[in-house]
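Here is a short report on how this structure is put together. Keep the sequence and the 3D view at hand.

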Amino acid sequence: MSVRRILMAAAAPVVAIVFSVAISSVVLLIAGTSPLEAWMEMLSYGTRLETLVATANRATPLYLAGIAVAIGFRMNLFNIGVEGQYVLAALLSASVGAAVDLPAALHVALIMLVAMTVGSLFAGVAGYLKVTRGVHEVISTIMLNAIALAAVGYMLRHWLIDDADTSLNMKTPEIPPSGRFPNLNGVVETFTREITRGRELWGFILVAALVGVLFHLFLTRTRVGYDLRATGLNPFAAEASGVDPKATVMRTMLLSGAVAGLIGLPEVLGDSYKYDLAFTRGLGFTGIAVALVGRNHPAGVAIGALLFGWLDSAAPILDVVGDTPREIVSILQGVVVLSAVVSYEVVNRVRRSQEARDAAAATRPKQEMEA
Amino acid sequence: MTTPAVELSGITKRFPGVVANDDVNLRVAEGEIHAVVGENGAGKSTLMKILYGMQSADEGRMLVGGTEVDFSSPSEAIEHGIGMVHQHFMLADNLTVLENVVLGAEPRRRGLIDRKAARRDLEALGASYGLDIHPDDLVETLEVGERQRVEIIKVLYRGARVLILDEPTAVLVPQEVEELFRNLRELKARGHTIIFIDHKLEEVLAIADTITVLRQGRTVATVDPAEVTAHELAELMVGSELPTPSTEPRVADDHVTLAVRDLSVLDGSDRPTLDRVSLDVHRGEIVGVAGVEGNGQGELIEAILGLCQTSGGQLLLDGEDIGHWPVRRRREAGIGYVPEDRHSRGLLVDAPLWENAMLGHQTMAPFARGPFLDRSGARSATARIVEHFDVRTPGIDTSARALSGGNQQKLVIGREMAASPRLLVAAHPTRGIDVGAQASVWAGLRAARRDGLAMLLVSADLEELIGLADRLVVMLRGRVVAELDPATTTPRILGGYMTGADE
């Protein structure tokens, strides 16, 4: 039974990946290039140590974004506003981090606290609008994204800009060394060769992993997590069981926003030490895709984040060698999402009918005994 | 004898755990209004869905105008001149009447919609049937009765000769009902055949030429309305010759567990759906609530649980005012709940059984410890429920969806009983489950009553009510209209109060 379960669980993502590679290959053939050559190039470049480090660095914020979205999805709340929440949180926490001087651990903790609070409160606006005015969270979070991005631009330009900097790049002042997150190069290099200078494995990946573990424990081990899942599975039954629907909406949005607040920190604390115009945007939307691929499960989202991170990191080689456009990776990612959703549904149906047969079988012998 | 417009014979349709239609026969003569009556869950809707091609029968034959048919989709039924007016209207609010009527069957000219032809056809249709229509009104501006007329025209526009109307009067006010009946008589005069599903007996007697009664998935009788009374029809619907769940001696004492005082609930348009209801449930007593569906029973239950807003009155649990408590506090205080529809209110169908067993009790031992779930406690408690209430399942990790309806219901009842509630509020605890499961549910309820459980039992099964309850109240239009002793009550008497026939 358990072996079958594991095989069933593995079937969906494997099918999804095979299917999307097949589709992308067809696209490449139509475009007149050799798919095999492109995949080989990506594989050989993608297995280099530096690419793997880049993969982990890309996957870390994607994982946090995926978890932030998944928290909402688990109770049928669509937090499309992760994008705005994390950009706003990154700007404000980077500014606070640059403005204070504290002992190392405290400094980092303060920056994380500010980021989570900002993300949480901003997501809470959508939650509040939903419970008090019935505004659908998709509408409100999309509009709040626009507000957040405009506010970020305004605040950066007028209030938070580093006046000492004379370059064209608008940026906040740099966070002092005590507020930076150490990299993990030393740990990795004890097992491998030395990583090329300039490449660092961001230590924030440990925080992301911890968030995943906590999310899993929260969902499966706590009463509040059970209430949240119950609401997602059947809001009417959950309400009858004593779950307060409004409180659950608020809690979920606050929690989702808190995790969203962390998305920008791997970059801010591990690489740039500031918020500037080069800050990576769009992770909130990619997070939706990652959550879908990962089926809103902490382990699944990790696989999704690593897959997307690897594709993003291995793709640039296509520009350098051969004539395959790197945009093929975007097609691949899109098809992965679609085929993941489809193959999960197919596997789910197979599992359900299997289970129904098992249940029917469990009924029969006893009836025969009674007869 | 002429060929019947529709003839169904031996129709059987099974769903997992339930037989919705069991050897049903229906013969509808050309040009008549034929009513199909029965309680909710008697199999009327399933039968009509089969006739309209929305579901296919497991067994049986269907003849339309003498030819054998086997529809696999509604469009095939429409081709054979059968149309259906659904209880919940299928109209696009933001389109006009004209656009709605032609939607999906648009007259075309060179690939474009021929609006002129559409309008001409529609106006001709309206004129010939005396149906009052304004083709350019937006559907969202129409009253309910007008929307229903649009639905009927939609069906006629597609050339239907046989019209199925699924509880058409459920959404109408009395004046609209009269208007509808005028329209139906007009249709009949023009040779259309009408199959009319309902459970309001006076209406059926007023409009139908022939009545077929369904009960628990079977055809029990086909009668002439001129030869039956509302009483007799009610009796046929609920069935007085079924085996009775046997009553046990009274064990109730003087202690009032639940006191409901002048409780009122208003609907969206401020009309009372529960109107100053008062009743007591004593310790060790089962109070049965009889009534035709939609006469306030659902609101009464939801108000007791705290699932709906009350507009007045008091609720006392063991003397304590619980009127302003949230649902969770009421559940924790010992109110058990067996919902009317286990799928919508009672189960997380995609979650494993052990997570379903804690639903409603997730804050209490053995399911929780402090802010955390007690997984091992929950699992062993579930195993006990499964064992004790004979839930047939491969294991407690099976998802609730995989179980048959009867086993799901046993799990729900078992879960509520295992928590030893002070008060159990149960709605239709044996609806839609097979006879064996029904008997074990009854046994469970009776055992709990012996142990001093106070229970409010809402049921459409009058035999169940008379057999289990110590006291019966009848609800009609949101009020308690009668209080009866089950020892001296028959389904016939109850039916009279329920339909207001004795007013």
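Which residues does Ile164(B) touch, not counting residues up to four places away in sequence?

## Nonpolar cores

This is a predicted model. In it, Ile164(B) touches Met48(B), Leu51(B), Tyr52(B), Ile82(B), Gly83(B), Met84(B), Val85(B) and Ile195(B), leaving aside residues up to four places away in sequence. A second core is separate and has 96 residues, including Ala148(A), Ile205(A), Ala314(A) and Leu318(A).

The largest nonpolar core has 148 residues. Within this core, the residues that touch the most other members are Leu51(B), Ile164(B), Val425(B), Met455(B) and Leu457(B). In soluble globular proteins, nonpolar side chains tend to be buried together.

## Domains of chain B

The domain assignment splits chain B into three parts: domain 1 (6-238), domain 2 (243-334 + 422-503) and domain 3 (340-420). Taken over C-alpha atoms, the centres of domain 1 and domain 3 of chain B are 41 Å apart.

## Ala460(B)

Ala460(B) sits in the loop between β22 (454-458) and α16 (462-468) of chain B. Is Ala460(B) buried or exposed? Ala460(B) is buried, because 23 other C-beta atoms lie within 10 Å, and the cut-off is 20 or more.

Ala460(B) and Ile82(B) are 378 residues apart along the chain. Their C-alpha atoms are separated by 31 Å.

## Where the chains meet

Chain B contacts 22 residues of chain A through 32 residues of its own. On the chain B side, α10 (327-332), α11 (342-346) and β20 (372-373) are the elements that give two or more residues. That side of chain B comprises 17 nonpolar, nine polar and six charged residues.

Terms used: Residues numbered from 1 in each chain as written. Chains lettered and ligands numbered in written order. Predicted model: local features only at pLDDT ≥ 70, side-chain atom pairs only at ≥ 80, totals over all residues. Core = buried A, V, L, I, M, F, W, Y, C linked by C-beta atoms within 7 Å. Buried ≥ 20, exposed ≤ 12 C-beta atoms within 10 Å, placed from the backbone. Contact = placed C-beta atoms within 7 Å. Domains from an automatic or database assignment. Helix = DSSP H or I, 4+ residues; strand = E, 2+ residues; numbered from the N terminus. Nonpolar A, V, L, I, M, F, W, Y, C, P; charged D, E, K, R; others polar.
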